[in-house]
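Please open the structure in a viewer and keep the selection tool at hand. The tour below proceeds stop by stop.

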Amino acid sequence: MSMTKEYTYTPLADASAQIRILKIEFDVKALADHENCRPLAATLKTYNLPRAKLSRTRRFVQFAQLPAFQALSYVWGPPQRTRPIFIDNQVLYITENLYLALCDFQRQSVAYAYVWADAICINQADLAERSAQVLLMGEIYHTAFSVQIWIGPSTADGKRCFRFVSALAGYSYDDEAPDEDSEERLGKAVAIPAAAILNVGHKFAKSLFDMVDIVDPKARDDRASIILESGDGYHKVISRLSKWRPGEKRVQKVQGESFAEMAALIDLNFIRQCSWFERMWVVQELGVADLADVIYGGSSLPWDSFLQVLFYLHYTCKLRLLSIPMLTGLEIIRHGWVDSRRFPLYTLIRNCSYRQASDPRDKIYALYGLMGDKMNDLLKPDYSRPVAEIFASTTQYFIQQCKSLDPICNWRTQDRRSLPSWVPDYSLDQTKSGVSFVAAYGKTGLFSASGCAEEGSYDLTTAPLRDWGSLPVTILRLDSVSVISQRCPENAGFCAAERMWSKAALDAANLFSLNIEELESHAGVVSDILRGYQRYWELAQPVKSLTPPLEPTDNWTLADVVARHEGFNLNKSIHIDSEFLKMYISSLFCGIIASSTRINDDDIAVIASLEVPEAPITSGTDPFWVICEAADEGVKAKVLAVTSKGSMCVVPEEAQQGDVVCVMHGCSVPVILRKTPSAAEYIFVGACYMYGFMDGEAIAMQRSGKLVEEKISLV
């Protein structure tokens, strides 16, 4: 075997329309778990992919020619290629985890197994082929008979967890009698696995299953609607999954186990310590799947059943699983796909930013099969281009679509790679960036710092820009940073941040029209108010995570909520009548009390006078939670700055004394810039909240001659 020739790929005639499928040879010893199995052997054959954009006739013909294959979604593991698989009498070395996953496939098969696995079916050394196949990934996983999720090598604790979940879901390792909830499961067992006995039967089952999809394919992006808000899907997903309950007989099967211990083990072993749930590509691989199964230790369980058990443990049994928000996020995207609804690429990148990809380009490319955007020259995948250029062209695309500079705002600024300052680093986890000053992609924003006339839009006329390293903009210079607060340690709480902010405000006493005693008094009032909310926040977080959220309501205010509930008490002795206090409290919340609601004077009065209860509210609308959440997001990854003219700004942590505060034409919020040695070139530091300049005041000052336009470049 040492003399076996290394596998050589035959180039695809059309990498934008063809795929390779691996046919794994049947080994009866593997089926019987025999130790002396033959080496893993297979053949690799090329097929036309029945793409959604083809005519129904061509799709039907290509479906008939395509074997019913399963697409593999698996845990990466170490990248070293140490294991051999013999393909067409040649040897190809693959990673340990991929080898083990394929062995599990072979072990479960009663005939040849047809599998699509990216590391084998795409020539990874051919950058042009990789770039072309990226655009097919969504359709590959959607076309597959099922997506098989291999979550890693088994352990003793892992098998115990999987046995527990399987029993509650109505599946078992043992040949036990079916329980009272098994009709639906029995139907699936007959319709799907039995069809795999013969590939002919399997193909026929696949053809029937996909008949509707051939007529009206879900992968047709031109027929899908765009989702601009994820809230609706969020509540539907949680409502659907949290209502499930196992039957009495299923619970009896696991009565010897501690549910609390098992919930902790499942959350840790299966989710938080399993790298599959962190991978970027799995969002698409699972999101477009008609059928998906979780494979572990040689056994499998439908993905939906797996989720139902986890949500049952969390929401019904009140056993906290920290992974529930991440699992919910996956299901929101899948839920949208099933309903022919797509998220914009911008939203997908932000929502999936915490996920991992070995190639930073894949933080974008891995989402193409899910996005509602139409493919554009600026988005065309190309693994030969530098990461910085890919990120820059993606940002240009967002700017073009929005006719706004808002897409460059409110991205994480810490730990950025070497990029033009106006280009977001899409490889970073954006969950740590705090509240977003700008609106969700495609939505109308809460602020309009550059007005609503022509100054409020930005026309990127050169598409793409020849020099992707710079971006020409027009600015109105407002002021410069004079005093800036210290950074607050991550997760220290909004009270700790406020203490640092109040110190900066006191240091800038000479810039305000107040004496030091007045400032100390005002700061003390705010500190006392926030201490009560911080205590509530710490008590409520474990409780709220176990409670399904209420449906969101639009156009509400804190004052409305409090007025509708007799149980909320107001301390009428507290009055916020100082302009400084209004500015300071508004800045702590970055002017936002909820994702679609600006803070106003009535809200500030309610925040100051609400008597915070000793125990968390467990039903109905909870204004205390809304306030705490807004305060926590408002100070996250931000510091307080006072300008030379006495204005208060909430700025990125990277801001420095001397930075310029300005309004850019085409941007709905003020921004922080830093001068470079080159003439008219500035570094974009980030967006900011500047009290008194969020609603076109700078444009009014320009028109009255108080401010003058400047043409500069962001580099």
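A residue is called buried when its relative accessible area is under 20%, exposed when it is over 50%, and partly exposed in between (1.4 Å probe, protein chains only). The model is predicted, so local features are reported only at pLDDT of at least 70 and side-chain atom pairs only at pLDDT 80 or more, whereas totals for chains, interfaces and linings use all residues. Residues are numbered from 1 along each chain as its sequence is written, and side-chain values use heavy atoms, with hydrogens and water left out.

**Stop 1: strand β1 and its neighbours**

Select residues 18-24, which form strand β1. Helices (H or I, at least four residues) and strands (E, at least two) are DSSP runs, numbered from the N terminus. Six of the seven residues in β1 are buried. Next, add residues 41-48, strand β2, which pairs with β1 in the antiparallel sense over seven bridges; two strands pair if DSSP finds at least two bridges between them. Within this pairing, Ile 19 has Tyr 47 in β2 as its bridge partner. Then add residues 113-116, strand β6, which is joined to β1 by three bridges, also in the antiparallel sense. Here Tyr 114 in β6 stands opposite Lys 23.

**Stop 2: helix α3 and the largest nonpolar core**

Select residues 96-108 for helix α3, whose 13 residues reach 19 Å from the first C-alpha to the last. This is close to the 18 Å expected at 1.5 Å a residue, the expected span being 1.5 Å times one less than the number of residues. Buried residues of α3 include Leu 98, Ala 101, Leu 102 and Phe 105.

Now centre the view on Leu 102. Together with Trp 303 and Leu 714, Leu 102 touches the most other members of the largest nonpolar core, which has 210 residues. Such a core is a set of buried Ala, Val, Leu, Ile, Met, Phe, Trp, Tyr and Cys residues joined through side-chain atoms within 4.5 Å. Helix α15 gives the most to this core, with nine residues. Contacts of Leu 102 (heavy atoms within 4.5 Å), leaving aside residues up to four places away in sequence, include Leu 22, Ile 24, Leu 40 and Val 115. In soluble globular proteins, nonpolar side chains tend to be buried together.

**Stop 3: salt bridges**

How many salt bridges does the structure hold? There are 25, each being a side-chain nitrogen of Lys or Arg within 4 Å of a carboxyl oxygen of Asp or Glu. Three of them may be displayed in turn.

- Select Arg 51 and Glu 139, whose closest N and O atoms are 3.1 Å apart. Arg 51 lies in the loop between β2 and α2, and Glu 139 in helix α6, 88 residues apart. Arg 51 is buried at 14% relative accessibility, and Glu 139 is buried at 12%.
- Select Arg 334 and Asp 304, which meet at 3.1 Å, N to O. Because Arg 334 lies in helix α16 and Asp 304 in helix α15, the pair ties together parts that are 30 residues apart in sequence. Arg 334 is buried at 8%, while Asp 304 is partly exposed at 33%.
- Select Asp 695 and Arg 598, which meet at 2.6 Å, N to O. Asp 695 lies in the loop between β20 and α26, and Arg 598 in strand β14, 97 residues apart. Both are partly exposed, Asp 695 at 39% and Arg 598 at 30%.

To finish this stop, select Arg 240, Asp 304, Glu 331 and Arg 334, which salt bridges with shared partners join into one network.

**Stop 4: Asn 410**

Select Asn 410, in the loop between α19 and β12. Is Asn 410 buried or exposed? Asn 410 is buried, at 10% relative accessible area. The side chain of Asn 410 reaches the backbone nitrogen of Phe 437 at 2.9 Å. Other residues that Asn 410 touches include Arg 350, Ser 433 and Ala 687.

**Stop 5: strand β17**

Select residues 660-664, strand β17, in which five of five residues are buried. Val 660, Cys 662 and Met 664 point one way, and Val 661 and Val 663 the other way. β17 pairs with β12 in the antiparallel sense over five bridges, and Met 664 is the bridge partner of Ile 475.

Finally, add strand β18, residues 671-675, which pairs with β17 in the antiparallel sense over three bridges. Cys 662 has Val 671 in β18 as its bridge partner. The hairpin of β17 and β18 has six residues between the strands, and Gly 666 takes a positive phi near 90° there.

Notes:
Polar contact = N/O pair within 3.5 Å; in protein donor to acceptor, adjacent residues only side chain to side chain.
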